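Work through the two exercises below with the sequence and coordinates open. Each task is followed by its solution in steps.

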Amino acid sequence: MAERQQIRAIKGVRDILPLESRAWSRVERAAQDVFGTFGFAEIRLPIFEQTELFARSVGADTDIVGKEMYTFTDRDEASISLRPEATASVVRAYIEHGMHTLPGDVKLYYMGPMFRRERPQKGRYRQFYQIGAEVLGQSDAPGIDAELIEMLFAFFGRVGLEGLTLDLNSIGCKECRSKYVEVLRAKLLYVKDKLGADSQRRIETNPLRVLDSKAPDEQAIIETLPRIADHLCEACKTHFAEVRRQLDLRGITYNLNWRLVRGLDYYMRTTFEIIAPGLGSQNAVCGGGRYDGLVELLGGLPTKGIGFAIGEDRLMLSLEAAAKLAAEPSVDAFIVWMGAATQATAIKVAQRLRGAGIKVELPPEEFKFKKALGLADKLGARYAILIGENEIAAGKFTLKRLADAVQTSVTEVELLETLRAN
Ligand code: HAM
């Protein structure tokens, strides 16, 4: 017989088990509720796309596209990739379905798994989950940027995540940024010898990414580099000042971070990240920014866009660290039926209670009384409903509150009322 070796999950991916998944669902419902109040509707997107979509939007030279995508050749020889992010797919769908004809700004949100072949560590996985939102349309009014960030904070408030910091920057437009990049590159070449190999390489490929460096001995040098804020064109400067005023109007405080450049090529002007406590080095729980021009780049009409994605895994880790994940009982009532003749009644009672939204556990076969109560206890059930032949004869049930063992005799209507009320 062949050896039966245990098969384990792939490195960097994990299972979200029921104790956790219940909390995940709650967070996802909160996103649906809060985003709904801001006029966003859900879009469900494919998990794989043509590789070209990500190469063109996220950028062929980025780490994400260059090193981290799961890419394979389909039978018809098209190159396909598991999505590393979803903004590109939203924009593709926007163009494909002619959504520019819809009235007002198109506001969409999505949630689901993304895939990046990164080195796994706490808060960094190869399959991870994002909750994201995008606004696409003709307007780039700074009020859109600010309201999107306001929505994020409304959501984080709803799920109880505190102690967040918003890092904000403007990386300008194509014109002013390319001029700035040249100034930056010139200065970087001047200090090249003092930089590590990674940063030295980036002077050629993407000098902005040097600003991202976490290497301790590069920090003092980076602080002396020219800053984008001093090189923004008039239009970008005005836009950024107005984004800040719009945030002030909403009572949102932020930290100006001139080194926040983000690792995807489609950004322009407003960029932001939200840092959460309790996460260690992978502490960005959300990243986003403006990407006017991306729709055109992917073959659509000139369109403005802005969006964000929350890292759901990190959000859950941060909530966990803050002990904000109150366990919800998974069983409201455990039905203990005794005697074959009582099973039919037990099934009907279970049906009615479940129909009323109550979580019911019904043993599929007759259990000894002690075993049934013991299991009810272990499952954390709040009540046991005892159904024996006496109860059936009396037309009443015994309801036992498991926390203090108080027992009452109740009719079916009273049973429903008590369980609903508690
Ligand atoms: P991103 O910064 O690449 O942006 O990812 C957003 C968030 O996803 C991060 O802040 C982080 O919380 C989470 N995340 C990223 N990689 C991992 C990973 N390997 N493991 C766990 N969590 C991770 C985007 O993806 C853009 N599409 C956001 C956006 C939407 N910009 C405009 N619209």
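**Exercise 1: the ligand shell**

Strand 6 (127-137), strand 10 (284-290) and strand 11 (304-311) each supply at least two residues of the shell around the ligand; strands (E, at least two residues) and helices (H or I, at least four) are DSSP runs numbered from the N terminus. The model is predicted, so local features need pLDDT of at least 70 and side-chain atom pairs pLDDT 80 or more, while totals for chains, interfaces and linings use all residues. Residues are numbered from 1 along each chain as its sequence is written, and side-chain values use heavy atoms, without hydrogens and water.

Task: describe the residues that surround the ligand and its polar contacts.

Step 1. The ligand is surrounded by 27 residues, counted when a heavy atom lies within 4 Å. Glu-85, Glu-118, Glu-134, Tyr-267 and Ala-284 are the closest.

Step 2. Strand 10 gives the most to this shell, 6 residues.

Step 3. By class the shell has 12 nonpolar, 8 polar and 7 charged residues. Ala, Val, Leu, Ile, Met, Phe, Trp, Tyr, Cys and Pro count as nonpolar, Asp, Glu, Lys and Arg as charged, and the others, Gly among them, as polar.

Step 4. Look for N or O pairs within 3.5 Å. A ligand oxygen is 2.8 Å from a backbone N or O atom of Ala-284. The side chain of Gln-130 places an N or O atom 3.0 Å from a ligand oxygen.

**Exercise 2: a helix pair**

Task: how are helix 2 (residues 51-59) and helix 4 (residues 87-96) oriented to each other?

Step 1. Their axes, lines fitted to C-alpha atoms over the stretch in contact, come within 9 Å and cross at roughly 110°; angles run from 0 to 180 degrees between N-to-C directions.

Step 2. Helix 2 and helix 4 are therefore roughly perpendicular (65 to 115 degrees).

Key
Polar contact = N/O pair within 3.5 Å; in protein donor to acceptor, adjacent residues only side chain to side chain. Parallel < 35°, antiparallel > 145°, perpendicular 65-115°, else oblique.
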